[in-house]
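Let's take a relaxed walk through this structure, one piece at a time. Keep the 3D view open and turn it as you read.

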Amino acid sequence: MVVFERPHSLAKVPLHYCPGCTHGIIHRLVAQAIDDLGIEGNAIGVAPVGCAVMAYNYFTCDMIEAAHGRAPAVATGLKRADPSKIIFTYQGDGDLASIGMAETVHAATRNENITVIFVNNAIYGMTGGQMAPTSLPGQVTQTSPYGRDVSMAGYPIKVSEMLSALDGPEFIARVAVNNVKNVKNAQKIIKKAFENQVNGKGFSLVEVVSSCPTNWGKTPSDALKWVEEEMIPYYPLGVYKDKSAEKEGE
Amino acid sequence: MSEKVLMKGNEAIAEAAIRAGCLHYFGYPITPQTELAAYMAKRMPKIEGGVFLQAESEIAAINMVYGVAATGKRVMTSSSSPGVSLKQEGISYIAGSDLPALIVNVQRGGPGLGGIQPSQSDYFQATKGGGHGDYHLIVLTPASVQEMADLTGLAFELADKYRMPAMLLADGTMGQMMEPVELPETKPELIDKPWALTGTGMKREHNIVNSLYLVPEQLEKTNLERYERYKLVEENEVRYESFMMDDAEVCVVAFGIAARVSKNAVVEARKQGIKAGLIRPITVWPFPKKALAKAAETCKAFVSVELSMGQMIEDINLAIKCSKPVSLCNRVGGMIPSPEEVLESIKKAAGGNE
């Protein structure tokens, strides 16, 4: 009996991610959701600029590579061109919360019927570990070598909290993939974010608190520990907005 | 034959685009192209499948265009000079991904915020790339409201045919003026686009729309292939109007509103016994190099009439290999040269070599 296998939507190619990076897990969860909902043949994914830039090679559905931060705008074009297609973006924190913040906020407020997977690892990974909009106060990075000084660099952006203040978006949730329990919950939430789109409900964003052992200068296991002890307290997990559930509760 | 209607240039572009099968428009408000977006906002919701979306920025608008273009559907955006600068990154991606799309630039004076009056000072940006990397756009320059409509349809056709973005390089006068226009019939010929993102349907390998090639040999190859296509465009798609050129000794070169003014000046010069003629590039990329080189065999001087500090004049000099003197007759900042000013330049050019 097969108890675990590669989702069909995940291409049979080696991923380029660093050892201990959680992008691989998140890719699998996305592919699993696509498989579970039977939408692979109808899906189009948008890859970001950042560590996941080559995600277009890793998913077996049609894919497009967006300019840095513009994935939600590209996704808007794809969705408006054919609303029957299932459109998702896969973006990091620099892409989504820094250079692409305007596109993120406006796609959310339009309740654009797309699914956004937002991988928050509190650092720019691809370019070698610079301070991200989500780097924690005091966090040492290549461009905050003395620790993030909030008096100079400001505070981290809590994307899920911020977007959930908008009237537009359907679903905003934050999950983590640092242990089995959290991975299982992340799988459920990511699937829901796709399901919402299939059901025409609108903008669904899942923020996935992730790790970057390479640029954090930690072993993979210490990195996961840092997620638990530093990241999650600053970025609490949970469903921040679920318009349909709110309506049902009324 | 369809009837003639009186329309603003900006509106003629919009209606012609819809008739060319463009059902997706994305834009951001900017003067002097506002009527185009307003027309789309009115018309698109009444058309099945029609989409008008006011984007949060020019940057978002061009990236929405990129998304639709990737699905193979006809799509456009429009703006004016400062807004078109913002779109350059996206245009580079569209060119680098070999996608067709239409970008309309109803030019205004610059640089910076500049002004809102007509200009042609985005010529370099339009014809030499504009964004980063090696690429070209097919650049069409309308000189009447009729051409605003006709060249819109042509731009979509050529963009599809050569898998590259096209630009309609108009200016504030062309956008704002009203003229009778005969609108094209609604029967666009759409070509098959096997590269488009339409979902695999579990029947084919996935299509990828992308401009990233980390292996230099591959990136070089895509550039070389693209330029092979550009060569075909240069061979097959040059368009220009030749006016009174048969025995011309002074060749005026101008496009858009500058060409209309120049035509009057050429006629007046002829009345005064000066053998002047006009070459009006309709495509400024590809540039009518051969026509100008041929003119250089018989003409003794050229006059470039531009609403810029002298941009097209460089292409004229290249086309004729600096074999004849080329003078510049220009106004900038939203000013337009008068026929008298152009006539004066023609006279100088005619007399200068005697």
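In what sense do strand S3 (residues 86-92) of chain A and strand S4 (residues 115-120) of chain A pair, and over how many bridges? They pair in the parallel sense, over five bridges. Keep in mind as you look around that this is a predicted model.

## The sheet that uses both chains

S3(A) and S4(A) belong to an open sheet of eight strands, with mixed pairing. If you want to trace the sheet on screen, follow the order S7(A)-S5(A)-S6(A)-S4(A)-S3(A)-S1(A)-S2(A)-S9(B). At the edges you'll find strand S7 (238-242) of chain A and strand S9 (208-209) of chain B, each of which pairs on one side only.

There's a helix on this sheet, too. Helix H2 (residues 71-81) of chain A packs there, touching strand S1 (43-47), strand S2 (62-65), S3 and S4 of chain A. The direction of H2(A) makes about 175 degrees with that of S3(A).

## A closer look at S4(A)

Let's stay with S4(A) for a moment. On the S3(A) side, Tyr90(A) stands opposite Ile117(A) in S4(A). S4(A) also pairs with strand S6 (residues 204-209) of chain A, again in the parallel sense, this time over six bridges. There, Phe118(A) stands opposite Glu207(A) in S6(A).

Which way do the residues of S4(A) point? Thr115(A), Ile117(A) and Val119(A) go one way, while Val116(A), Phe118(A) and Asn120(A) go the other, and all are buried. With six of its six residues buried, S4(A) is largely enclosed by the rest of the structure.

## Where the two chains touch

How many residues of chain B are in contact with chain A? There are 31, and they meet 29 residues of chain A. On the chain B side, strand S3 (51-54), H3, H5 and S9 each supply at least two of the touching residues. H3(B) gives the largest share of that side, with nine residues.

H3(B) and H5(B) also pack against each other. The axes of helix H3 (residues 58-70) of chain B and helix H5 (residues 88-96) of chain B come within 8 Å and cross at roughly 15 degrees, so these two helices are roughly parallel to each other. Their crossing is right-handed. To find the meeting place, look for Ile59(B), Ile62(B), Asn63(B), Tyr66(B) and Ala69(B) in H3(B), which meet Gly90(B), Ile91(B), Tyr93(B) and Ile94(B) in H5(B).

## A covered helix and its partner

Now try helix H7 (residues 145-162) of chain B. Why does the length of H7(B) agree with what a helix of 18 residues should span? At 1.5 Å a residue the expected span is 26 Å, and the end C-alpha atoms of H7(B) are indeed 26 Å apart. H7(B) is mostly covered, since 15 of its 18 residues are buried. Just after H7(B) comes Arg163(B), which has a positive phi, near 50 degrees.

Helix H1 (residues 9-19) of chain B packs against H7(B) at an angle of about 30 degrees, with the axes 8 Å apart. H1(B) and H7(B) are therefore roughly parallel to each other, and their crossing is right-handed. On the H1(B) side, the contact is made by Gly9(B), Ala12(B), Ile13(B), Ala16(B) and Ala17(B). The H7(B) side brings Val145(B), Met148(B), Ala149(B), Thr152(B) and Gly153(B).

## An exposed residue in S1(B)

Is Leu6(B) buried or exposed? Leu6(B) has 10 C-beta neighbours inside 10 Å, so this residue counts as exposed; the cut-off for exposed is 12 or fewer. You'll find Leu6(B) in strand S1 (residues 4-8) of chain B. Its C-alpha atom is 5.4 Å from that of Glu179(B), although the two are 173 residues apart along the chain. Leaving out residues up to four places away in sequence, Leu6(B) touches Met178(B) and Pro180(B).

## The five-stranded sheet of chain B

Chain B has an open sheet of five strands, in the order S10-S12-S11-S14-S15, with mixed pairing. Strand S10 (240-243) and strand S15 (326-330) of chain B each have a single partner strand, so one side of each is left without a neighbour in the sheet. Strand S14 (residues 301-306) of chain B runs parallel to S15(B), joined by five bridges, and the bridge partner of Phe302(B) is Val326(B) in S15(B).

Notes. Residues numbered from 1 in each chain as written. Chains lettered and ligands numbered in written order. Predicted model: local features only at pLDDT ≥ 70, side-chain atom pairs only at ≥ 80, totals over all residues. Pairing = 2+ DSSP bridges. Helix = DSSP H or I, 4+ residues; strand = E, 2+ residues; numbered from the N terminus. Contact = placed C-beta atoms within 7 Å. Axes fitted to C-alpha atoms, helices over the stretch in contact; angles between N-to-C directions. Expected span 1.5 Å × (residues − 1). Buried ≥ 20, exposed ≤ 12 C-beta atoms within 10 Å, placed from the backbone. Parallel < 35°, antiparallel > 145°, perpendicular 65-115°, else oblique. Left-handed = near helix turned anticlockwise from the far one by under 90°.
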